[in-house]
Structures are given as C-alpha cells and as structure tokens.
Amino acid sequence: LGRPEHHPVDVLSLSLGYYHERPVDADYDGPLGAALGALRRHGVVVVTSAGNDAEVRPAYPAAFSPWFDRSVTPPAPPAGLTEDEPPQLTAGALNPDGTTALFSNDGPWVTCLRPGAALVSTLPVGTDGSWTSSRSLPGAAGDRRATIDLDGFGGGFAVWSGTSFATPVLAGDVAAAVLEAKATGVSAGSWAGIVAQRRAAAWTAITATTGLSPS
C-alpha cells in the first residue's frame with residue numbers, strides 16, 4: 001500500500017465483528033483501526049456490518065464508523081470528516097417491507113440501512129448442512145422421492161438474512177458510484193495525484209449513497 005506500482009481495490013466489504021467482552025479486547029482496536037484507516041486514506045471505501053444481536057453496544061470494526069444521530073431529520077452530519085480520509089461505513093439490515101430487521105444492531109455508529117433479510121443469493125452447489133429430508137423412499141420408477149432438504153443448496157441459491165448481507169448490498173451501491181465518479185474524472189500522472197483522485201472518487205460515492213460529506 002502506498003507504492004506507485006500498487007493499485008488497491010476500490011471497496012472493501014467486511015462482514016465480521018466482535019464486542020469488547022474483556023478490557024483486553026480493546027487491544028484489537030488499534031492495529032485493526034490503523035489498517036482500515038490506511039486503506040481509507042488511499043481511497044478505499046471500507047464497508048462493515050453492524051451485527052445481528054439486536055444490540056446497541058458498539059461492535060467492532062463497525063463502531064470505527066463516524067457516530068451521529070440518525071433519528072434527527074435530516075441527521076446532523078458527524079464532525080471531523082475530512083477530504084483526506086473518507087469515513088468507514090456501517091450497514092444495518094432492512095426487512096423486505098422496508099422496516100428495520102429486529103435482529104439488526106443499532107446505534108450512532110450505524111451509518112445507514114440496506115436490505116438484509118430474506119435475501120436470495122448464490123451459494124456453492126456442494127453446500128449441504130446437517131439437516132436431511134424428513135421423508136425419503138423409493139419411487140415406482142426406481143428413483144428416490146423425498147421432502148425438501150432445507151439446508152441442501154444443490155440448486156446454487158439460498159435465502160439468508162443478516163447484516164452480513166446488507167453490507168455487500170451497500171458496498172455494491174458504493175462501487176457503482178465509484179465507477180461513475182472515476183468515469184468522469186481526469187487521469188492523474190503522479191502517485192500522489194492518483195491517490196487524491198481515488199479519495200475524491202470515494203467521497204463522491206459516499207455522498208451519493210449515504211449523504212455524508214466532508215465537514
């Protein structure tokens with residue numbers, strides 16, 4: 001990262017997290033936060049998942065996102081957002097009807113909500129869980145007849161829920177906006193110019209998808 005020949009990705013989607021269960025757990029925050037901050041300073045938009053425990057206590061790395069009050073209309077922008085370091089974004093989950101999913105964590109560190117319940121997505125066809133069909137018997141033509149295996153995904157698709165799925169939805173929105181911003185930009189020659197352009201494209205995408213902007 002930071003070398004002229006190195007071109008990092010545009011968007012990093014992280015569907016993972018942890019809580020501070022013990023005081024020593026905070027020791028993880030510094031190195032992880034520093035790494036994510038370095039990516040953001042080089043124009044990589046970092047998108048994280050809020051968590052699925054219906055909790056209001058901070059989960060990390062989600063809680064590295066700017067804290068602000070979404071209950072205010074319009075929300076007051078977080079202080080301290082600068083052009084030099086695009087903010088991390090955190091996604092909570094929406095139900096198909098637009099309500100917030102009951103399982104979704106919430107708090108001032110949750111940037112926005114995206115669809116994250118009962119999402120249909122692809123899955124490797126070899127994925128098969130521990131459940132089996134409740135009934136299986138031989139058919140008249142020598143085949144097997146059975147009830148559906150609810151965690152056998154040989155068809156290549158599954159229905160899942162979680163902020164882990166809302167996160168790539170938001171990341172996809174951001175990525176599309178980044179591509180649009182890059183398409184309208186002028187290529188810079190120096191590495192410093194390239195990084196500045198990447199940050200500008202990241203900020204344009206963040207503002208377009210979440211409404212956040214540099215203070």
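Is arginine 57 buried, partly exposed or exposed? In this predicted model, arginine 57 is partly exposed, because its relative accessible area is 32%. That residue will come back when we reach the salt bridges, but let us start with the whole chain.

The protein has 215 residues, and 37% of them are buried. Its C-alpha trace spans about 70 × 40 × 35 Å along the principal axes. In secondary structure you will find 3 helices and 8 strands. If you walk along the sequence, the elements come in the pattern β-α-β-β-β-β-β-β-β-α-α. Contacts across the chain are also worth a look: among those with a separation of 6 or more, 71% join residues 24 or more positions apart.

Now turn to the helices that end this pattern. Two packed helices are described by the angle between their axes and the distance between the axes. For helix 2 (residues 163-183) and helix 3 (residues 191-210), the axes come within 8 Å and cross at roughly 130°. Helix 2 is therefore oblique to helix 3, since an angle over 145 degrees would be needed to count as roughly antiparallel. The crossing of these two helices is right-handed. On the helix 2 side, the contact is made by Leu170, Asp173, Val174, Ala177, Val178, Ala181 and Lys182. Helix 3 contributes Arg198, Ala201, Thr204, Ala205, Thr209 and Thr210. Sorted by class, the contact has 7 nonpolar, 3 polar and 3 charged residues.

Next come the charged pairs. Side chains of opposite charge can pair when their charged atoms come close. Searching the whole structure turns up 9 salt bridges. Arginine 57, our opening residue, forms one of them with glutamate 55, and the closest N and O atoms are 3.4 Å apart. Its partner glutamate 55 counts as partly exposed, at 25% relative accessibility. Elsewhere, salt bridges that share partners join Asp10, Lys182 and Arg198 into one network. You have already met Lys182 and Arg198, as residues of the contact between helix 2 and helix 3.

Another pair brings together glutamate 85 and arginine 41, whose side chains meet in a salt bridge (3.1 Å, N to O). Where do glutamate 85 and arginine 41 lie? Glutamate 85 is in the loop between strand 2 (45-49) and strand 3 (89-94), while arginine 41 belongs to helix 1 (residues 29-41), so the pair ties together parts that are 44 residues apart in sequence. Glutamate 85 is partly exposed, with a relative accessible area of 26%, and arginine 41 is partly exposed too, at 37%.

A further salt bridge joins the side chains of arginine 22 and aspartate 25 (3.0 Å, N to O). Here the two partners fall into separate classes of exposure: arginine 22 is partly exposed, with a relative accessible area of 48%, whereas aspartate 25 counts as buried because its relative accessibility is 7%.

Our last stop is alanine 26, in the loop between strand 1 (11-14) and helix 1. Alanine 26 counts as partly exposed, with 34% relative accessibility. How far is the C-alpha atom of alanine 26 from that of valine 72? These two residues are 46 positions apart along the chain, and their C-alpha atoms are separated by 30 Å.

Terms used:
Residues are numbered from 1 along each chain as its sequence is written. This is a predicted model: local features need pLDDT of at least 70, side-chain atom pairs count only at pLDDT 80 or more; totals for chains, interfaces and linings use all residues. Side-chain values use heavy atoms; hydrogens and water are left out. Axes are lines fitted to C-alpha atoms, for helices over the stretch in contact, and angles run from 0 to 180 degrees between N-to-C directions. Helices (H or I, at least four residues) and strands (E, at least two) are DSSP runs, numbered from the N terminus. Angles under 35 degrees count as roughly parallel, over 145 as roughly antiparallel, 65 to 115 as roughly perpendicular and the rest as oblique. A crossing is left-handed if the near helix is turned anticlockwise from the far one by less than a right angle, and right-handed if clockwise. Contact means heavy atoms within 4.5 Å. Ala, Val, Leu, Ile, Met, Phe, Trp, Tyr, Cys and Pro count as nonpolar, Asp, Glu, Lys and Arg as charged, and the others, Gly among them, as polar. A salt bridge is a side-chain nitrogen of Lys or Arg within 4 Å of a carboxyl oxygen of Asp or Glu. Buried means under 20% relative accessible area, exposed over 50%, partly exposed in between (1.4 Å probe, protein chains only).
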